[in-house]
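Trainee: I have a new structure open and no idea where to start. Can you walk me through it?
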Amino acid sequence: MAEIQVAAVFSDNIVLQRNKIINIFGWIDWKEKDKEIFVKAELFNKNGDLLGENTRIYTNPVKKWVISLPSQEAQEECSLKIWLNQSTEAIVFSNIAIGEVWLAGGQSNMEFELGNCTEGPQELADTSGENGAKNVRFYYTNKIAWMDQHFYQAEKNTAWQTWDSPNKNAWSAVGFFFAKKLAADLGCTVGVIGCNWGGTSASAWMRREYLEKDEDLRTYLTEQEEATAGKSIDQQCREYEEYEVIQAEWQKKCDALYAANPEITWAKVEETLGKSPWPGPRSCKNPYRPCGLYDCMVNRILPYTLKGVLWYQGESDDHKPYSYAKLFSKLIDNWRTDWKDPELPFVFVQLPNHRNEYDKDFKHWCLIRSVQEKVHHMVKNAFMTCALDLGQFNDIHPKAKKVVAERMEENALANVYNLKKAQDVLSPMLKGYTIKGADPSDANSFGKIILTFDNAATGFVAREDKINLDYYKRMEQHQGNSVSPAFTGFEIAGSDGIFYPAAYRLGQSEKDFNTITLSSPLVKNPVSARYAWYNYGPVNIFGKNGLPLAPFMI
């Protein structure tokens, strides 16, 4: 007989997506004598009334079975029965909620745990969940990057968790705060599927075909192939396992150094311990390999019915910023294709301020932010949440997560649920510009650039950001640079491409509330402009809607 399993994402306490067809699925290991596979699913409400059922008989040896049940309104205390191969005993899942389901994807800032974030202790102290936490449920996709017997055994132990779970402190902080606010605003249970891994490139979360078709993206594959050429699977696994032992010991010593001196620099850590061995050898077992986490995590929850995807990633693709727009767009296309949902919403974070104190300002995060906004404008149902002002000095992991999560939720309320106006929940973003040259008859005149913005109908406010300005000056001083007294965050350049600090005037009448005018006596005829074009620096311009002006360069 064939071995038939229900996917591990189905368990007690599960949240099913309301008002959409509900996909139930699992795996089939066919045997030679198998002629057909029988699967049946039934969904019941809390009174035991049948809400929907479906039966499928498979005669072709597919690896995955899928049954679709009719869409349902939001409700609680439902149950699901699944029969495999006409067994007389059904698999039963109880305490099912039908509500909203979002996948929380990306790397470490999405992975960052509730128990470690600034706001976590207060939330976790609410053991009853009466302040709204009890309306959130969480499932973490099996987090093992190589599909051996250990993988399958561990996957069987995964399950949906409620606020009663002792492991809730390990939930994604961003996913939790998003879901808690959404549950309150919509009046239903919200489920979060955690599918994230710190340090990962978007290429780890994609199918191979989507990387192969593009010359720039193919480099993610060729680099892996060249590094593992001539090595057997056994050798690659052995090398990676040896690295894991070395890395664990190194990390233990590193943690001890930080515990003894929280202000110690990374350079001093590596001087003391030797260079960090992370991320280890390129290997079929390394979680950072291209396509690896698609196979081991994403594919294990496909095609679970979702409302949308929360995405916080890009930090680990900063070495290839010019191709990130294609990479991220292809990932969205990949997931929408595989979920068979061409309009699946993506609500994503534009990277916040970040720079290690002693690093040069390579301005690669500026480029990632720029192409993230490009994706927002060019890809349907992809909505950017600006977080420029939410970075933490000298730390790639800002510990405060509630504000960014709630900005994402407001974004979703407007653009996914149509319950708010988009202009109220999106940052001002550059729409267009006009250049006015200097008066050729006046040697003392100089030109200006008039910028026009979306999501700024009521105008802007300027805020002093002395703390981040001081950090910026400090970092530049480490590099032997000084910061001009004329620094404003805005810069303009002439045809020579040299940027100078620009004075700015915010729109001052109903006709031009959404404009900002730039000028500098050092640039007679400006041709380009930029704002916040640094990896980390002050954030001092906000829309009247309270959100930071998104960085730009023209």
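Mentor: We'll take a sheet, a core, a pocket and two single residues in turn.
Mentor: Keep in mind that this is a predicted model.

Trainee: Sheet first. In what order do the four strands of the open sheet come?
Mentor: The order is β18-β17-β21-β23, and the pairing is antiparallel.

Trainee: Which strands stand at the edges?
Mentor: β18 (499–501) and β23 (552–553) do. Each has a single partner strand, so one side of each has no neighbour in the sheet.

Trainee: How many bridges join β17 to β18?
Mentor: Three, with β17 covering residues 490–493. A493 has F499 of β18 as its bridge partner. I492 sits opposite Y500, also in β18.

Trainee: What about the loop of that hairpin?
Mentor: Five residues lie between the two strands. One of them, G497, takes a positive phi near 75 degrees.

Trainee: And how many bridges pair β17 with β21?
Mentor: Four, again in the antiparallel sense. β21 spans residues 528–531. F490 of β17 faces Y531 there.

Trainee: Which way do the β17 side chains point?
Mentor: F490 and I492 point one way. E491 and A493 point the other way. Are they buried or exposed, you'll ask next? All four are buried.

Trainee: New topic. Which residues touch the most other members of the largest nonpolar core?
Mentor: F10, W65, W205, Y304 and W335, out of 149 residues in that core. Helix α4 (residues 173–186) supplies the largest share, nine residues.

Trainee: Why would such residues gather like that?
Mentor: In soluble globular proteins, nonpolar side chains tend to be buried together.

Trainee: What does Y304 contact, beyond its neighbours within four places in sequence?
Mentor: One group is V9, F10, I14, V15 and L16. The others are F25, V101, W160, I193 and W339.

Trainee: Now pockets. What is the volume of the second largest pocket?
Mentor: About 610 Å³. Its lining has 21 residues. Q5, W27, Y152, E155 and R300 lie nearest the centre.

Trainee: Which elements give two or more residues to that lining?
Mentor: Two strands and two helices: β1 (3–6), β3 (22–29), α3 (149–156) and α9 (292–301). α3 gives the most, with five residues.

Trainee: How do the lining residues of that second largest pocket divide by type?
Mentor: Eight are nonpolar, five polar and eight charged.

Trainee: Let's do the single residues. Where does N334 lie?
Mentor: In helix α10, residues 324–338.

Trainee: Is N334 buried or exposed?
Mentor: Buried. Its relative accessible area is 0%, and the cut-off for buried is under 20%, so N334 qualifies.

Trainee: What is N334 in contact with, past its neighbours within four places in sequence?
Mentor: M206, R207, Y210 and Y294.

Trainee: Last one. Where is H364?
Mentor: In helix α11, which runs over residues 364–378.

Trainee: Which residues does H364 contact, leaving aside those within four places in sequence?
Mentor: D318, P321 and N535.

Trainee: How many residues apart are H364 and P321 in sequence?
Mentor: They are 43 residues apart in sequence. In space, H364 and P321 are 6.4 Å apart, C-alpha to C-alpha.

Technical notes:
Residues are numbered from 1 along each chain as its sequence is written. This is a predicted model: local features need pLDDT of at least 70, side-chain atom pairs count only at pLDDT 80 or more; totals for chains, interfaces and linings use all residues. Side-chain values use heavy atoms; hydrogens and water are left out. Two strands pair if DSSP finds at least two bridges between them. A nonpolar core is a set of buried Ala, Val, Leu, Ile, Met, Phe, Trp, Tyr and Cys residues joined through side-chain atoms within 4.5 Å. Buried means under 20% relative accessible area, exposed over 50%, partly exposed in between (1.4 Å probe, protein chains only). Contact means heavy atoms within 4.5 Å. On a 1 Å grid over the protein atoms alone, a cavity is a set of points where a 1.4 Å probe fits but cannot get out, and a pocket is an open set with protein on both sides within 12 Å along at least five of seven lines; lining residues have an atom within 4 Å of a point. Grid points are joined across faces, edges and corners, and a volume is the space filled by probe spheres set on the points. Ala, Val, Leu, Ile, Met, Phe, Trp, Tyr, Cys and Pro count as nonpolar, Asp, Glu, Lys and Arg as charged, and the others, Gly among them, as polar.
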